[in-house]
Amino acid sequence: MSAVVVIGSFNVDHVWQCDALPAAGATIAGRYQTGPGGKGFNQAVACARAGAGTAFVCALGDDLGGVLARSLAKDQSIELRAQHSEDPTGSAGIYVDARGRNSIVVGAGANASLTPAFVEEQLEGIASAKVVLAQLESPVESVMAGLRLARESGTCTLLNPAPANASTTSEMLALVDILTPNETEFSALLARHVGERIEPDDVASCDGARLHTACRELLRQGSVVVTLGVAGVFVSHPEDSTRDDGKPYYRIAAEPASTVDSTGAGDAFNGAFAASWAMQPDLPFADHIRFANRYAALSTEHTGAALAMPERSEVAARFGDRSAG
């Protein structure tokens with residue numbers, strides 16, 4: 001059985017590298033490439049390459065995209081649990097500028113077909129896993145089914161609430177042990193569930209005590225990990241459950257990287273964190289955050305999404321024995 005079960009999306013990515021992101025009405029020159037992506041598959045590949053046995057629950061169309069997904073899952077030693085869909089396999093258009101910034105448009109396709117019933121058929125794998133990791137490019141009710149089964153089985157639930165415009169409910173958040181928004185997603189969650197407004201650009205510079213209070217309002221019983229790009233990571237725990245960190249909140253700086261493409265960096269962080277947590281749950285929480293931080297930094301030094309995920313050996317070569325995982 002797999003240590004991590006990822007419930008999520010698979011997309012065929014169509015990527016254009018360009019000097020600047022296109023403005024409305026503009027036609028610009030770029031360099032094109034295509035490859036696998038989708039938040040779910042990116043995170044599953046990161047889990048597997050970070051060393052954890054990984055299963056991936058998704059929906060795929062009966063087309064070349066589905067063939068690609070099955071082939072790549074086999075190549076990456078990922079246990080694929082795919083529901084058949086009459087819709088085409090998901091796709092995404094990605095524009096990346098010379099500074100590594102990106103704009104993304106996603107066509108859900110088959111990803112929107114994943115049903116709660118199919119997720120519930122994965123009970124045995126979910127119950128035997130250490131971590132269930134999900135995002136929000138799949139139907140909310142299907143994500144809820146996976147989180148609920150994990151909670152009932154005593155499996156750690158990790159939710160990456162991405163993209164920021166996806167729906168979340170209080171019922172969903174109550175099933176989450178670890179929540180990992182970026183600054184944009186964190187801002188949206190606060191506005192939706194707490195009624196507080198912190199602009200995304202202000203999250204990184206916000207006072208730690210204020211951020212911690214907001215995190216506790218958002219997820220009273222679980223840990224919140226806010227990823228802040230070049231500003232690092234902010235971690236907030238319940239006061240009575242600091243997961244061997246010794247303090248309820250803190251920041252960890254970002255690792256230096258020669259960034260060429262930030263696409264998938266958040267997915268790299270989440271997949272690496274889930275793998276590290278599943279493989280060595282007795283380590284302090286901060287050790288897993290540092291490993292995920294380093295893994296994500298290395299992912300930005302390659303172009304693409306799923307196939308930009310580094311191997312665990314690359315993290316060891318760069319950072320040595322200081323890395324968990």
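1. How many helices and strands does the secondary structure of the chain come to? The model, which is predicted, contains 12 helices and 13 strands. The points below take the chain as a whole and then turn to individual elements.

2. The overall dimensions agree with those of a compact globule. For 325 residues, such a globule would have a radius of gyration near 20 Å, and the value for the chain is 18 Å, which agrees. Along the principal axes, the C-alpha atoms occupy a box of roughly 50 × 45 × 45 Å.

3. Burial and contacts may be read together. Of the 325 residues, 54% are buried. Where contacts link residues at least 6 apart in sequence, 67% of them join residues at least 24 apart.

4. As to the surface and the charges, the accessible surface of the chain is about 13300 Å², and carbon and sulfur atoms account for 49% of this area. The chain carries 24 positive and 38 negative charges, whose mean positions lie 4 Å apart.

5. An open sheet of 9 strands, with mixed pairing, follows the order E5-E4-E1-E8-E9-E10-E11-E12-E13. Strand E5 (78-85) and strand E13 (249-252) are at the edges; each has a single partner strand, so one side of each lacks a neighbour in the sheet. Within this sheet, strand E10 (residues 178-179) and strand E11 (residues 223-227) are parallel and share 2 bridges. Isoleucine 178 has serine 223 in E11 as its bridge partner.

6. Strand E2 (residues 11-17) deserves separate attention. Of its 7 residues, 5 are buried, so E2 is largely enclosed by the rest of the structure. E2 pairs with strand E3 (residues 31-37) in the antiparallel sense over 7 bridges, and aspartate 13 stands opposite glycine 35 in E3. E2 also pairs with strand E6 (residues 90-96), here in the parallel sense over 7 bridges. Opposite asparagine 11 in E6 is glycine 90, while glutamine 17 faces valine 96 in E6.

7. Is asparagine 11 buried or exposed? Its relative accessibility is 2%; because buried means under 20%, asparagine 11 counts as buried. Leaving aside residues up to four places away in sequence, its contacts include Gly35, Pro36 and Gly37, as well as Gly90, Ser91, Val106 and Glu137. Arginine 318, by contrast, is 307 residues from asparagine 11 in sequence and 30 Å from it in space, C-alpha to C-alpha.

8. Strand E6 is likewise largely enclosed by the rest of the structure, because 5 of its 7 residues are buried. E6 runs antiparallel to strand E7 (residues 102-107), and 6 bridges join the two. Alanine 92 has valine 106 in E7 as its bridge partner. The hairpin of E6 and E7 has 5 residues between the strands, and glycine 100 in this hairpin takes a positive phi near 90 degrees.

9. Why is helix H1 (residues 39-49) described as largely enclosed by the rest of the structure? The reason is that 10 of its 11 residues are buried. Among the buried residues of H1 are Phe41, Asn42, Gln43, Val45, Cys47 and Arg49. Just after H1, glycine 51 has a positive phi of about 110 degrees.

Technical notes:
Residues are numbered from 1 along each chain as its sequence is written. This is a predicted model: local features need pLDDT of at least 70, side-chain atom pairs count only at pLDDT 80 or more; totals for chains, interfaces and linings use all residues. Side-chain values use heavy atoms; hydrogens and water are left out. Helices (H or I, at least four residues) and strands (E, at least two) are DSSP runs, numbered from the N terminus. The radius of gyration is taken over C-alpha atoms; the globule rule is 2.2 Å times the number of residues to the power 0.38. Buried means under 20% relative accessible area, exposed over 50%, partly exposed in between (1.4 Å probe, protein chains only). Contact means heavy atoms within 4.5 Å. Accessible areas come from the Shrake-Rupley method with a 1.4 Å probe; for residues, only the protein chains shown count as cover. Lys and Arg count as positive and Asp and Glu as negative; His and the chain ends are not counted. The place of a charge is taken as NZ of Lys, CZ of Arg, CG of Asp or CD of Glu. Two strands pair if DSSP finds at least two bridges between them.
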